[in-house]
Amino acid sequence: MLLIYTHKITPRVTYITRQLFTRILGVEIGHTTAVEDFIKHKGPKITYTRQPLQNEFFIQSSDLLFQHGIEEVEIQMATWGELPCFFTSGPRSNVPFDILAASFYLLSRYEEYHPHVRDQHGRFPPGESIAFQKNFLRLPLVDLWADKLLEQLRERFPEILTDRSPYRFTPIIDVTTSHCYAHRGVFRGMAGFLLDLSRLKFKRIWERLRVSLKPALDPYDNFDKLIALEQEYKVRTMFFFQFAEYSTYDKNVSPNNNAFQYLIKSVADYCIVSLAVSYTAAEEPETLKEEKKRLSAVIHRPVAYARMRYNRVEIPRTYRNLVDAEFSRDFSMGYTHEIGFRASTCTPFFFYDIALETQQPIKICPFAFHDYALTRYTSEETLLSDLDEVFEHVKSVKGRLISVFSNELLGGDQKINWLELYEKIIRRFHA
């Protein structure tokens, strides 16, 4: 056991040390504020305080983990080998910065509590983040820090034991529009036909007619192909279905449609099916609970995982609502239009509610890239090269690489064959 001495054991200290040492590195830890217990301990040990006690492994602490609420934080960047860092320490510290405070700052999304400009959907924009501004958005920086810390600890304590999880690749299929034309009812179908006609979109009119006459599958109905890929490559694919009533931003097939319900049941026979939370439900907790309940009734099993429409995560309200609705995991932590790690980690972590100073019982599973972040690429070679760089970092720290693709883009009429690209990504990143 790695014993950590600190002058005060706060919820923040407990939270971040468990995440860094136990969940990322697989190291068993204990905490103490008793100097005599620390000195007597014969195994690996570190001090996390202002001054070292003796000649032990020492990480000099800053104030962040011993404060309450949100305060102004000055960020000055430095380097630790090749890695960027901040909250620098004095020369006696074995690590040149407060790695625990810096990790907490990133994982807790401390910066999102400060006033910031939101985008049209009320989201925290990537350009407002320190990771984007300091050019480390594509690094799982917390995991890389932890890995480097473990190397230093092993130099001092060769006997230190770790039990790390292996690298994993998890593809997510986001189903907020299950069908382009089919199963939308007479009124919506006719309205769509007239709209296409007014815009002279004759190709779409022809597709509508073909789908209505049944000789061609709806272009978005690629679920059999996606399940076939899962079985061929033995990759654990997760499907998130929107199961909401029609609204301005929620325009999927009606949840009362029998064909739509049958589709969800058939996918659930092969893959994990969870809830793509509607735009409306993100604002209305009771609607969120109702969507969860109705989807659970269709697949005849509990629905424990969620993804927010447009990745609309508002800290801390979104996670409080998900906890209240009894979700155990969220897969919305990331940026729709930027490759990288919003919380600078590729390891699932529990949400820490700074306003309540407590760890909430919901685990956040951050994704590395969304398909819409890839649409700006004009070269497939450049696209795959950029993703390879992210993959190598995640694999090196035995993290979890999560991608998000929508069946809508995979089945759309684009210059790139997105379904072929999706298969290449599975082959490339699934170990």
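The exercises below, each with a worked solution, concern a predicted model.

**Exercise 1.** Determine how the axes of helix H1 and helix H5 are oriented and which residues meet where the two helices are in contact.

*Solution.* Begin with the axes: those of H1 (residues 11-24) and H5 (residues 141-156) come within 11 Å and cross at roughly 75 degrees. Angles of 65 to 115 degrees count as roughly perpendicular, and H1 is therefore roughly perpendicular to H5. Next, list the residues: Leu20, Phe21 and Ile24 in H1 meet Val142, Asp143, Ala146, Leu149 and Leu153 in H5. Sorted by class, this contact of H1 with H5 has seven nonpolar, no polar and one charged residues.

**Exercise 2.** Classify the ring pair of phenylalanine 86 and tyrosine 105, and place both residues in the chain.

*Solution.* The whole structure holds 28 aromatic pairs. In the pair considered here, the ring centres of phenylalanine 86 and tyrosine 105 are 5.7 Å apart and the planes stand at 75 degrees, so the pair is edge-to-face. Phenylalanine 86 lies in the loop between strand S6 (83-85) and helix H3 (99-107), whereas tyrosine 105 belongs to helix H3, so the pair ties together parts that are 19 residues apart in sequence. Phenylalanine 86 is buried at 0% relative accessibility, and tyrosine 105 is buried at 5%.

**Exercise 3.** Decide whether glutamine 360 is buried or exposed, and name residues that it touches.

*Solution.* Glutamine 360 is found in strand S13 (residues 358-364). Buried means under 20% relative accessible area, so glutamine 360, with 11%, is buried. Leaving aside residues up to four places away in sequence, glutamine 360 touches Arg320, Val323, Phe350, Phe351 and Asp353.

Notes
Residues are numbered from 1 along each chain as its sequence is written. This is a predicted model: local features need pLDDT of at least 70, side-chain atom pairs count only at pLDDT 80 or more; totals for chains, interfaces and linings use all residues. Side-chain values use heavy atoms; hydrogens and water are left out. Helices (H or I, at least four residues) and strands (E, at least two) are DSSP runs, numbered from the N terminus. Buried means under 20% relative accessible area, exposed over 50%, partly exposed in between (1.4 Å probe, protein chains only). Contact means heavy atoms within 4.5 Å. Axes are lines fitted to C-alpha atoms, for helices over the stretch in contact, and angles run from 0 to 180 degrees between N-to-C directions. Angles under 35 degrees count as roughly parallel, over 145 as roughly antiparallel, 65 to 115 as roughly perpendicular and the rest as oblique. Ala, Val, Leu, Ile, Met, Phe, Trp, Tyr, Cys and Pro count as nonpolar, Asp, Glu, Lys and Arg as charged, and the others, Gly among them, as polar. Rings of Phe, Tyr and Trp (its six-membered ring) pair if their centres lie within 6.5 Å; planes under 30 degrees apart count as stacked, over 60 as edge-to-face and the rest as tilted.
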